[in-house]
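Q: Please take a close look with me at one charged side chain in this model and the partner it pairs with. After that, walk me outward from there to the rest of the chain.

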Amino acid sequence: MISDKIEKALNKQIAVEANAAFTYLSMASWADNHGIEGAAAFFYTHAAEEHAHMMKIVHFVNEVGGKAVIPSVPQPAETYENITEICKKAYKHEQQVSKSIHAIVELAQQENDHVVDEFLRWFVAEQKEEEVLFMRVMDKIKIIGEGGQSLYYIDKELNAMNAAAVAAAAAKPTAN
Ligand code: OFO
């Protein structure tokens, strides 16, 4: 039911989501090891979300007659300078993922594939939400500044954002 070109693009996106999941897992683990608990919880949640996105595409590709390919994932960074660097990287990462989703939407529209186009709408909305979230994180970091207690406050903010994200996820339809 899907063209070879779209199947290839969706399989590439499976790898992108897997890469995002492992990148955030590595960030969470680094924060965990440094006792930055709010940031760890925030990125563990995001790693799980990215894994769910990957699974959503795997199921879809197989459902519409394609063959989902499970990718190998490049080893993410093991160490980071600080939590600000992590958040900057995560924001950049989300912007790239959005571009990648938008490119598949364009492909689906060129091919008049309404099924794929409709399927990807969920991802377009999700990416918008994630970009907004990371933009807000960067804004908070700017407001908090670089004083002696900044890490404490950034961690507190990330903890609160994580709690809000967990509550929101519980209230909306899940990735299947
Ligand atoms: Fe998969 O949602 Fe962002 O990357």
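A: Glu 157 is partly exposed, because its relative accessible area is 28%. On this scale buried means under 20% relative accessible area and exposed means over 50%, with partly exposed in between (1.4 Å probe, protein chains only). Please keep in mind that this is a predicted model, in which local features need pLDDT of at least 70 and side-chain atom pairs count only at pLDDT 80 or more, while totals for chains, interfaces and linings use all residues. Residues are numbered from 1 along each chain as its sequence is written, and side-chain values use heavy atoms, with hydrogens and water left out.

The partner of Glu 157 is Lys 140: the two form a salt bridge whose closest N and O atoms are 3.9 Å apart. This pair links distant parts of the chain, since Lys 140 sits in helix α4 and Glu 157 in helix α5 (residues 150-171), 17 residues apart. A salt bridge here is a side-chain nitrogen of Lys or Arg within 4 Å of a carboxyl oxygen of Asp or Glu. Helices (H or I, at least four residues) and strands (E, at least two) are DSSP runs, numbered from the N terminus. Lys 140, at a relative accessible area of 31%, is therefore partly exposed.

How many salt bridges does a search of the whole structure find? It finds three. One of them is also in helix α4, where the side chains of Arg 121 and Asp 117 meet at 3.4 Å, N to O. Being four residues apart in helix α4, these two are separated by about one helical turn. Their surroundings can be read from their accessibility: Arg 121 counts as exposed because its relative accessibility is 53%, whereas Asp 117 counts as buried because it has 10%.

Another salt bridge joins the side chains of Glu 85 and Lys 89, with 2.8 Å from N to O. Glu 85 and Lys 89 are four residues apart in helix α3 (residues 83-110), so about one helical turn separates them. Glu 85 is partly exposed at 22% relative accessible area, and Lys 89 counts as partly exposed at 40%.

Beside Glu 85 in the numbering comes Thr 84, which is found in helix α3. Thr 84 is partly exposed, because its relative accessible area is 24%. Leaving out residues up to four places away in sequence, Thr 84 touches Ile 141 and Ile 154 (contact means heavy atoms within 4.5 Å). Between the C-alpha atoms of Thr 84 and Tyr 44 there are 17 Å, with their positions 40 residues apart along the chain.

Back in helix α4 (residues 114-144) you will also find Gln 127. Gln 127 counts as buried, because its relative accessibility is 2%. Apart from neighbours within four places in sequence, Gln 127 is in contact with Glu 94, Val 97, Ser 98 and Ile 101.

Between α3 and α4 there is a loop, and Asn 112 lies in it. The phi of Asn 112 is near 55°, a positive value in a residue other than glycine. Asn 112 counts as exposed, because its relative accessibility is 56%.

For a reference point elsewhere, try Lys 12 in helix α1 (residues 4-33). Lys 12 counts as exposed, because its relative accessibility is 63%. The C-alpha atoms of Lys 12 and Ala 163 are 31 Å apart, and the two residues are 151 apart along the chain.

Now for the whole protein. It has five helices and zero strands, running α-α-α-α-α from the N terminus on. Its C-alpha atoms fill a box of roughly 55 × 30 × 25 Å along the principal axes. Of its 176 residues, 44% count as buried. Among contacts between residues at least 6 apart in sequence, 80% join residues at least 24 apart.

Finally, the charges that we began with: the protein has 16 positive and 25 negative side chains, and the centres of the two sets lie 4 Å apart. Here Lys and Arg count as positive and Asp and Glu as negative, while His and the chain ends are not counted. The place of each charge is taken as NZ of Lys, CZ of Arg, CG of Asp or CD of Glu.
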